Amino acid sequence: MLHKQKVKLLDPEMKSMSIEQFNKEIDQSLDDARNARIVSGKDLKSKIQKWG
């Protein structure tokens, strides 16, 4: 039952990512981290708690 619900929620047009795209996104993530363009999990949690 849970598997069927999960399948319904997924975008049917979603396609697998190519290895080239995967590597590009990893490189971008590493660059973001090196250039302080990230939010720590602790800071994100704090921001989310302030939403309510």
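**A tour of a three-helix chain**

Select Phe22 to begin: this residue lies in helix H2. The model is predicted, so local features need pLDDT of at least 70, side-chain atom pairs count only at pLDDT 80 or more, and totals for chains, interfaces and linings use all residues. Residues are numbered from 1 along each chain as its sequence is written, and side-chain values use heavy atoms, with hydrogens and water left out.

**Whole chain**

Zoom out. The protein chain has three helices and zero strands. Helices (H or I, at least four residues) and strands (E, at least two) are DSSP runs, numbered from the N terminus. The C-alpha atoms fill a box of roughly 40 × 40 × 15 Å, taken along the principal axes. The radius of gyration is 17 Å, while a compact globule of 52 residues would have one near 10 Å. That radius is taken over C-alpha atoms, and the globule rule is 2.2 Å times the number of residues to the power 0.38.

Now color by pLDDT, the predictor's confidence in each residue, from 0 to 100. The chain averages 88. Confidence is lowest in helix H1 (residues 2–9), at a mean of 73, and highest in H2, at 96.

**Helix H2**

Select residues 19–34. This is H2, with 16 residues. From first C-alpha to last it reaches 23 Å, close to the 22 Å expected at 1.5 Å a residue. The expected span is 1.5 Å times one less than the number of residues. Next, click Ala36, which follows H2 and has a positive phi, near 55°.

**The nonpolar patch**

Return to Phe22 and add Met17, Ile19, Ile26 and Leu30. Together these five form a nonpolar patch on the surface, with about 470 Å² of accessible area. Patch residues have over 30% relative accessible area and no salt bridge; like charges are joined within 9 Å, nonpolar side chains (Val, Leu, Ile, Met, Phe, Trp, Tyr) within 5 Å. Areas come from the Shrake-Rupley method with a 1.4 Å probe; for residues, only the protein chains shown count as cover.

Is Phe22 buried or exposed? Phe22 counts as partly exposed because its relative accessibility is 42%. Buried means under 20%, exposed over 50%, partly exposed in between (1.4 Å probe, protein chains only).

**The salt bridges**

Last stop: select Asp31, Asp32 and Arg37. They are linked in a network of salt bridges. A salt bridge is a side-chain nitrogen of Lys or Arg within 4 Å of a carboxyl oxygen of Asp or Glu. Arg37 meets Asp31 at 2.6 Å, N to O, and Asp32 at 2.9 Å, N to O.
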